[in-house]
Structure formats: C-alpha cells, structure tokens
Amino acid sequence: MATPREALLDLRRAASAGLLDLDGSGPASREAVRVRETLVTPHFGTVAWSVPPSYRALLAEHNRLCCHREEDDREREFVLVDEGELVGLNADLVHMPEGVSREPGRYLSTNHLVGFAEAGYEAVWCFDVAQPGGDGEYPVYYHHQDEPRARYLADGAWEEQADAVPDFPSFAAWFEAMAAAFTSAQPPAWFDEMGTPALVWLARDGIFQAGGRY
C-alpha cells in the first residue's frame, strides 16, 4: 500500500500534467490538530477520538487539500477540510439530532462518525471512531445525509448489517484510492457516483473492495 505522501506525489504530478486541480494549504499547526480532536460536538452525547497516524502524516503536509477533476462536463472533487470546516461539517451533515428513529423506540446515532473530507453535495468521508485499530487507525466510510451510516443508540449495532464491513480500512487506504481514481485515465465505476446517496448502497455491496470494477 502506498503511503499518504506517495499518493500525494501522484496527485501533484497529475496536477502538473493538467489532469486535475490541486490546491493545498500549508501544514496543520498543533492547534489545528487539537481543534479537530476536541471541538467536534454532536447534537447529543459526546465524541472522543484522536487523529490517526496516517491522517496526521497528511496534515504535516497540508491542513486543507482540495482535489478537483473536470471531464466530459462532469466535476468530481474531494476536500480534506481544515479544522474549522471539520467542526461545521460534522454538525451540519454527519451527526444526527437526538430522537431519530425508523422503528418505534429504536433510536439511531451517527456519533461514532467523524467526517474529515467533503465528497460533494451532502456526502462526507468519515472515520468510524468506534472501531479503533491497534495501530491507532480508524476505518473509513462514505456517508451521505440522505443515507446515513447509522448505529442503534441502545447497543451500537449497525442499522444496516452490511455497514459492519468498512469501505476502507484506514485513512492511508482511502487516500491511496482517491489518488488512484483522480489520476486514472479510466476512473473506477464509483467515481461518477461521488456526492450521491447511491454510492452508499454501492459501498454496502462492496464496490470499493472490488476495486470499482462493476
């Protein structure tokens, strides 16, 4: 697996060749990392998490990174947001209000998610901070406000059992996949669905594990 720095170099080369636009800020300050870890406040309850090592490595290069590709009148982008945007992103698009249910008495929560990147429209790439690995990494999920990757509040079980399998095992794996898709002459099938709720269902069907080849 490529490291975040290797994937970042691939994106920079593609930007130099005119395939995509890449706009990055300077490195994240210690305070910017602290804000990410401490100021994410859901609408009820709390969220506790730490910036995982592979994400921290990318933040050492850019506090904010926007990758945009336009082709055949279609636009796709991902934005690794800065600390202030991250706090707002989670409040606006990731964390549910209290009392949401689809079945009487079975309340839902998305407090296990911390969004770190915009995927377009109302879609967000998120860490599942309820599943820390021994290496400090968290799995990554594609979440859409219209198709949330929710758990039941009472016991933490997934609302959709297919969500037990993450889309990517870590930030490094996610960033490598983004770099590969955005720099490819023939992007994977899921590329055109970024920003749509349909990609949640494709993710549940395993499109990322299959390399997007269907």
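**Sheet, helices and core**

Helix α1 (residues 4-16) lies across three strands, β1, β2 (65-71) and β3 (74-80). Its direction makes an angle of about 125° with β1. The model described here is predicted. Helix α4 (residues 83-94) lies across β6, β7 and β8. This helix runs at about 90° to β6.

The strands under these helices belong to an open sheet. Six strands form that sheet, in the order β1-β2-β3-β6-β7-β8, with antiparallel pairing. Strands β1 (21-24) and β8 are the edges, and each pairs on one side only. From one strand to the next, the twist averages 25°. Strands β6 (residues 113-120) and β7 (residues 123-128) are joined by six bridges in the antiparallel sense. G115 has C126 in β7 as its bridge partner.

Edge strand β8 (residues 140-144) holds H143. H143 counts as buried because its relative accessibility is 1%, against a cut-off of under 20%. The side chain of H143 reaches the backbone nitrogen of R149 at 3.4 Å. Beyond four places in sequence, H143 touches ten residues by name: L93, V94, T110, L113, E122, A123, V124, C126, P148 and R149.

The largest nonpolar core has 58 residues. L80, F116, W125, W174 and F175 touch the most other members. Helix α5 (residues 171-183) gives the most to this core, with nine residues. In general, nonpolar side chains tend to be buried together in soluble globular proteins. Contacts of L80 more than four places away in sequence include F116, W174 and F175. Also among them are Y55, L58, N63 and R64.

Methods: Residues are numbered from 1 along each chain as its sequence is written. This is a predicted model: local features need pLDDT of at least 70, side-chain atom pairs count only at pLDDT 80 or more; totals for chains, interfaces and linings use all residues. Side-chain values use heavy atoms; hydrogens and water are left out. Helices (H or I, at least four residues) and strands (E, at least two) are DSSP runs, numbered from the N terminus. Buried means under 20% relative accessible area, exposed over 50%, partly exposed in between (1.4 Å probe, protein chains only). A polar contact is a pair of N or O atoms within 3.5 Å; within protein, one must be able to donate a hydrogen and the other to accept it, and residues adjacent in sequence count only if both atoms are side-chain atoms. Contact means heavy atoms within 4.5 Å. A nonpolar core is a set of buried Ala, Val, Leu, Ile, Met, Phe, Trp, Tyr and Cys residues joined through side-chain atoms within 4.5 Å. Two strands pair if DSSP finds at least two bridges between them. Axes are lines fitted to C-alpha atoms, for helices over the stretch in contact, and angles run from 0 to 180 degrees between N-to-C directions.
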